[in-house]
Amino acid sequence: MEPPANKGSAIGATIANGIGMCLTCGGTTIGLVLGIIGIVMAESNPKAARTCTLISWIFFGVVLVLGIIWWIVYGIALFSASSTGYSTY
């Protein structure tokens with residue numbers, strides 16, 4: 001029998017994905033659900049809990065990187081649109 005999975009990582013993933021939902025308009029929903037599943041299954045099925053927690057962290061990282069790229073592209077588009085020299089008057 002395996003020892004119970006560490007709930008700390010699953011709780012951290014759940015909190016990170018919860019905050020990520022606010023910052024990415026719901027992009028980390030899957031990660032949030034998997035983090036909660038990792039917390040619930042930590043004692044009954046440690047291997048599945050570790051897997052869910054790992055996938056939750058991966059989803060968070062991917063969505064975070066995509067969100068940063070999106071904000072950079074959005075900022076460049078706004079900057080280039082405002083510096084074209086056209087007057088709106």
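1. A residue is called buried here when its relative accessible area is under 20%, and exposed when that value is over 50%. The model discussed is predicted.

2. Helix H2 spans residues 29–40, twelve residues in total. From first to last C-alpha the helix reaches 17 Å, close to the 16 Å expected at 1.5 Å a residue.

3. Which residues of H2 are buried? They are Gly31, Leu32, Leu34, Gly35 and Gly38. These residues cover an arc of only 165° around the axis, and therefore lie on the same side of H2. An α-helix has 3.6 residues a turn, so residues three or four places apart point the same way.

4. The partners of this buried set are two helices: the buried residues of H2 pack against H1 (7–23) and against H3 (46–82).

5. Threonine 28 sits in the loop between H1 and H2. Its relative accessibility is 2%, so threonine 28 counts as buried, the cut-off being under 20%. Neighbours within four places in sequence aside, threonine 28 is in contact with Asn17, Gly20, Met21, Phe60 and Val63.

6. Leucine 66, in helix H3, is a contrasting case: buried or exposed? Leucine 66 has a relative accessible area of 54% and is therefore exposed, the cut-off being over 50%.

7. Leu66 also belongs to a nonpolar patch on the surface, formed together with Leu54, Ile58, Val62, Val65, Ile69 and Val73. The accessible area of these patch residues together is about 650 Å².

Key:
Residues are numbered from 1 along each chain as its sequence is written. This is a predicted model: local features need pLDDT of at least 70, side-chain atom pairs count only at pLDDT 80 or more; totals for chains, interfaces and linings use all residues. Side-chain values use heavy atoms; hydrogens and water are left out. Helices (H or I, at least four residues) and strands (E, at least two) are DSSP runs, numbered from the N terminus. The expected span of a helix is 1.5 Å times one less than its number of residues. Buried means under 20% relative accessible area, exposed over 50%, partly exposed in between (1.4 Å probe, protein chains only). The arc is that of the directions from the helix axis to the C-beta atoms. Contact means heavy atoms within 4.5 Å. Patches are made of residues with over 30% relative accessible area and no salt bridge: like charges are joined within 9 Å, nonpolar side chains (Val, Leu, Ile, Met, Phe, Trp, Tyr) within 5 Å. Accessible areas come from the Shrake-Rupley method with a 1.4 Å probe; for residues, only the protein chains shown count as cover. A salt bridge is a side-chain nitrogen of Lys or Arg within 4 Å of a carboxyl oxygen of Asp or Glu.
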